[in-house]
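Here's a walk through one protein model, going from a single side chain out to the whole fold and back. Have the viewer open as you read.

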Amino acid sequence: MGQAAYSAAIRRIAAVQHDINRPKSRSDANSRPELITPTAPIAVASHGGRAKCLQRLVRMDLPVPRTVALSFDTVHGIASGQMPDMTALLEPFGPQPLLCVRPSSEDPDWGGPGAVLNVGMNDALFVDLCDRIGQDAATAIYIRFVQGYSINVARLDPDMFDGLILEGREGLHQVLSAYEEETEEAFPQDPAVQLAGVLRSMSRAWEGTTARLLRQAKGAPADAGLGLIVQEMAYGLGKGECGSGVIQLVSSSTGRPKITGRYLSQSQGRDALRKDGGSIYLARDPRGPSLEDLAPEAFAELIDYTRQMRIRLREEMQTEFTIENGQVHVLDGVRIRRTPRAAVRIAVALANDGVIPPAEAILRVEPRAVTEMLHRQVDPEARTEVITRGIAASPGAAAGKIVFSSAAAQTAASRDESCILIRRETTPEDIRGMHASVAVLTERGGITSHAAVIARGIGLPCVVGASDLRVNLKRKTVTMADGRVLKEGDEITVDGTNGSVILGSAPLHEAALDEAFQQLMAWADQFRDIGVRANADTPADAEIARRFDAQGIGLCRTEHMFFDPGRLTVMREMIFAAQADDRKAALEQLLPMQRADFVELFRIMQGKPVCIRLLDPPLHEFLPTDRDGIRSLAEALDRPLSDVTRRIEEMAEHNPMLGLRGVRLGITMPEIYDMQARAIFEAVIEASRDGAQVVPEIMIPLVSAKREVELVKTRVEAMAALVRSASGQSFDFRLGVMVETPRAALRAGEIAPHTAFLSFGTNDLTQMTYGLSRDDAGRFMKTYVQQGVYPEDPFHILDSDGVGELLQIGANRGREARKDLVLSICGEHGGNPESIAFCRQAGFDYVSCSPYRVPVARLAAAQLAVKEAIRP
């Protein structure tokens with residue numbers, strides 16, 4: 001997008017948002033009731049969204065019934081006992097009003113009290129309505145109003161109507177008598193008294209403690225105001241075609257053009273106020289009668305009105321309407337509810353039709369909603385039985401038979417059976433089983449536990465930390481909180497999007513990477529101003545990263561390349577070697593395997609940067625822990641079982657995550673990093689023969705001191721010189737540090753002169769800053785968040801205060817020492833919109849995240865850039 005087009009789009013968005021959301025203080029809002037006219041002083045900030053929408057419909061000359069809007073200040077005053085002039089309020093509606101009262105909050109998602117219909121119904125109006133719409137219809141309206149008023153306004157017990165006849169003249173007499181008996185006064189006949197009671201009840205309900213807490217949970221401020229709408233009832237009853245309903249022009253599920261909604265026909269002589277609803281189809285349908293057939297002119301008007309709303313209100317709208325003797329009344333216009341896939345398609349269609357600019361289409365899609373489009377999802381309308389909940393660790397949903405081991409998962413996969421791997425918590429040994437499964441469920445773990453990180457990387461639905469479960473690996477059973485026991489082979493559905501586990505096989509929606517999704521992502525890339533890379537450990541991960549248009553690989557964890565069965569035995573031989581020469585012999589066998597992996601990564605990424613992290617985990621993770629595994633290892637190594645057991649025990653550490661791992665391995669066993677560096681450089685030469693210009697990035701993990709970097713850098717540069725000499729080929733590389741200890745962040749000024757980049761590993765950095773185990777924190781994190789100890793799980797949402805300060809210190813000190821230093825984060829926070837906002841402000845060059853989170857990061861980055869551009 002050119003600069004001129006970009007600037008024009010930003011100006012259009014800013015102008016529209018200024019018009020829609022023009023802020024008005026409570027003191028400026030008109031405190032008296034306002035008849036909604038094209039020029040009335042009504043705004044979202046003073047009267048609520050529904051009032052403002054109705055004013056826009058009035059400006060469009062749509063047939064909106066006469067409506068009065070009460071401001072936030074007026075409603076607040078009513079709750080405090082300050083009633084408006086009821087005579088003046090009722091004046092626009094004539095001598096015999098029949099009204100409905102509805103809430104108008106600033107954001108419809110904040111909720112509000114339910115609407116009250118037929119206010120003003122009394123004995124005199126009942127007689128009049130009997131002549132106009134028939135006695136049965138008039139009686140039904142009166143009975144329903146008395147019931148609603150009694151329960152919602154007079155706060156009487158609903159049980160008072162049990163056993164009463166609720167139809168006909170006798171039913172009306174009984175409900176009026178029941179009200180009089182309970183209240184010791186006749187049902188109010190004065191419309192002003194009725195309306196005052198309704199307004200008072202709705203106002204006080206909004207300001208009650210329960211209602212306030214509920215809307216605050218939805219993001220509303222504590223002092224959020226409520227407006228009220230008093231609207232003339234459009235009966236939708238009569239002798240011609242009459243009824244009520246809603247209509248919209250696109251599907252809420254898919255966003256594709258489709259006339260949907262409902263219509264309740266209430267024409268006399270056919271379906272008048274039937275208890276079963278009398279619903280019919282809107283458009284022509286072979287299954288039954290339709291509004292299009294019964295009232296073609298009214299149907300055409302509704303289509304036209306809804307299309308006008310789409311253009312004038314710049315949104316797909318649902319029209320609420322009544323039809324009275326063939327005449328259409330528009331009661332309200334509401335932004336249609338939509339699934340994430342529908343939200344994308346609607347936003348793109350509006351932009352393609354010129355209704356909104358592409359920049360605004362980007363703002364209309366929630367970044368996390370994009371995640372749902374990349375994976376299968378449980379049908380939201382399906383009836384399901386949730387048997388447990390945990391942490392939603394990796395999005396998507398899948399159904400399969402329960403298995404409890406990697407071997408069982410691989411066996412099921414060989415039979416083409418879908419299986420779900422259940423473990424207490426996963427280890428690197430479970431990776432093969434995870435690849436063979438359609439989903440993973442663990443009893444323990446948090447958002448950055450092993451299962452969560454690996455599952456997100458390969459796009460596998462995953463729920464972790466389901467602490468209500470009790471897994472018995474010996475019996476191959478899992479016990480639910482309610483005592484039910486599931487055994488191997490039973491079928492469940494894992495929903496990693498919301499953290500639920502469902503009994504049986506739930507209906508699923510397929511992923512939706514359609515043309516609308518691709519168009520939205522292309523627009524996002526035009527606006528975003530920070531790079532987005534992927535964390536990819538295997539060629540399969542790299543393929544996914546390319547498919548989602550990642551700008552390179554920001555983190556390749558080489559340890560995941562060693563867990564293949566053909567490599568694991570060789571890796572274990574290296575670990576058991578007592579001397580450096582013996583280790584080198586084993587590493588010589590691993591060298592061609594590593595080189596082949598890197599060659600394929602470089603070819604897939606086609607010249608895009610690939611950042612390879614040298615071996616990081618403690619070596620004990622590559623060793624078996626169960627008796628059968630240890631015996632198999634003894635056989636493979638041709639060693640006595642006692643020797644193997646003793647060696648495994650010798651390698652055990654009290655706190656392995658803070659022990660011999662990362663750069664400490666590279667310094668104490670330098671031949672490991674030598675082999676990996678050689679594999680990288682030889683892969684560069686091989687990949688370059690196919691025309692891919694590769695400049696690999698080599699990252700040193702778990703650094704805490706400058707001297708560590710110096711030692712590793714010296715050996716890497718020596719290996720580069722050796723490969724150049726042996727091959728006669730020239731190549732470049734960039735060496736960097738993964739900042740994941742607090743000391744590395746604090747001493748970044750010393751480290752930066754020896755590196756080309758610093759990439760902050762926020763998983764370990766958060767763990768070390770807080771002193772929390774990322775694998776165990778899930779057991780109590782929910783309680784901590786609920787008690788307000790932490791505002792959010794710091795492994796899920798970046799702690800911008802504590803951990804963020806370390807990032808800022810490291811970035812500033814690093815850039816002071818080296819101006820061209822490249823900065824990034826490559827922890828799991830990299831795909832979070834909140835983390836991306838922090839990185840933009842801190843001047844980072846890119847973020848790196850799991851492949852399936854790349855689209856989320858691209859969209860979030862674009863939204864941040866657009867919002868910053870339109871901010872006054």
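## A tour of the model

E805 is partly exposed, with a relative accessible area of 49%; partly exposed is the band between buried (under 20% relative accessible area) and exposed (over 50%), using a 1.4 Å probe and protein chains only. E805 sits in helix α32, where helices (H or I, at least four residues) and strands (E, at least two) are DSSP runs numbered from the N terminus. Along the sequence E805 is 60 residues from A745, yet in space the two are 9.6 Å apart, C-alpha to C-alpha.

A quick word on provenance: this is a predicted model, in which local features need pLDDT of at least 70 and side-chain atom pairs count only at pLDDT 80 or more, while totals for chains, interfaces and linings use all residues. Residues are numbered from 1 along each chain as its sequence is written, and side-chain values use heavy atoms, with hydrogens and water left out.

**The overall picture**

Zooming out, the protein has 872 residues, and 56% of them count as buried. Its secondary structure adds up to 34 helices and 31 strands. Taken along the principal axes, the C-alpha atoms fill a box of roughly 105 × 65 × 55 Å. For a feel of distances inside that box, try A718 and E232: they are 486 residues apart along the chain, and their C-alpha atoms are separated by 85 Å. A718 belongs to helix α27 and, at 47% relative accessibility, counts as partly exposed.

The accessible surface (Shrake-Rupley, 1.4 Å probe, with only the protein chains shown counting as cover for residues) comes to about 36900 Å², and 47% of that belongs to carbon and sulfur atoms. As for charges, Lys and Arg count as positive and Asp and Glu as negative, with His and the chain ends not counted. Each charge is placed at NZ of Lys, CZ of Arg, CG of Asp or CD of Glu. On that basis, the mean positions of the 99 positive and 114 negative charges are 4 Å apart.

Contact means heavy atoms within 4.5 Å. Among contacts between residues at least 6 apart in sequence, 68% join residues at least 24 apart.

**The cores**

In soluble globular proteins, nonpolar side chains tend to be buried together. A nonpolar core here is a set of buried Ala, Val, Leu, Ile, Met, Phe, Trp, Tyr and Cys residues joined through side-chain atoms within 4.5 Å. Which residues touch the most other members of the largest core? Among its 131 residues, those are F602 and F681. Helix α26 (residues 670–688) supplies the largest share of this core, 11 residues. Leaving out residues up to four places away in sequence, F681 touches I698, V716, M719, A720, V723, F731 and F733. Apart from this core lies another, of 54 residues, including L129, M160, L176 and W206.

**Cysteines**

How many disulfides does the structure hold? It holds 0, a disulfide being a pair of cysteine sulfur atoms within 2.5 Å. Here are two cysteines that are in no disulfide.

| Cysteine | Nearest cysteine sulfur | Distance |
|---|---|---|
| C53 | C100 | 14 Å |
| C611 | C826 | 7.0 Å |

C53 counts as buried because its relative accessibility is 8%. C611 is at 0%, so C611 counts as buried too.

**Buried charged residues**

R310 is found in helix α12 (residues 296–312) and is buried, at a relative accessible area of 14%. Beyond residues up to four places away in sequence, R310 touches E315, E316, A349, L350, D353 and V355.

D799 lies in the loop between α31 (781–786) and α32 (802–817). Its relative accessible area is 14%, so D799 is buried. With the same neighbours in sequence left out, up to four places away, D799 touches Y770, P794 and G804. From D799 to V599, 200 residues away along the chain, the C-alpha separation is 37 Å.

**Positive phi**

Most residues other than glycine have a negative phi. E184 has a positive phi of about 60° although it is not a glycine. E184 is in the loop between α8 (168–183) and α9 (191–206). Is E184 buried or exposed? At 74% relative accessibility, E184 counts as exposed.

L702 also has a positive phi, near 55°, in a residue other than glycine. Its place is the loop between β27 (697–700) and α27 (706–727). L702 is buried, with a relative accessible area of 0%.
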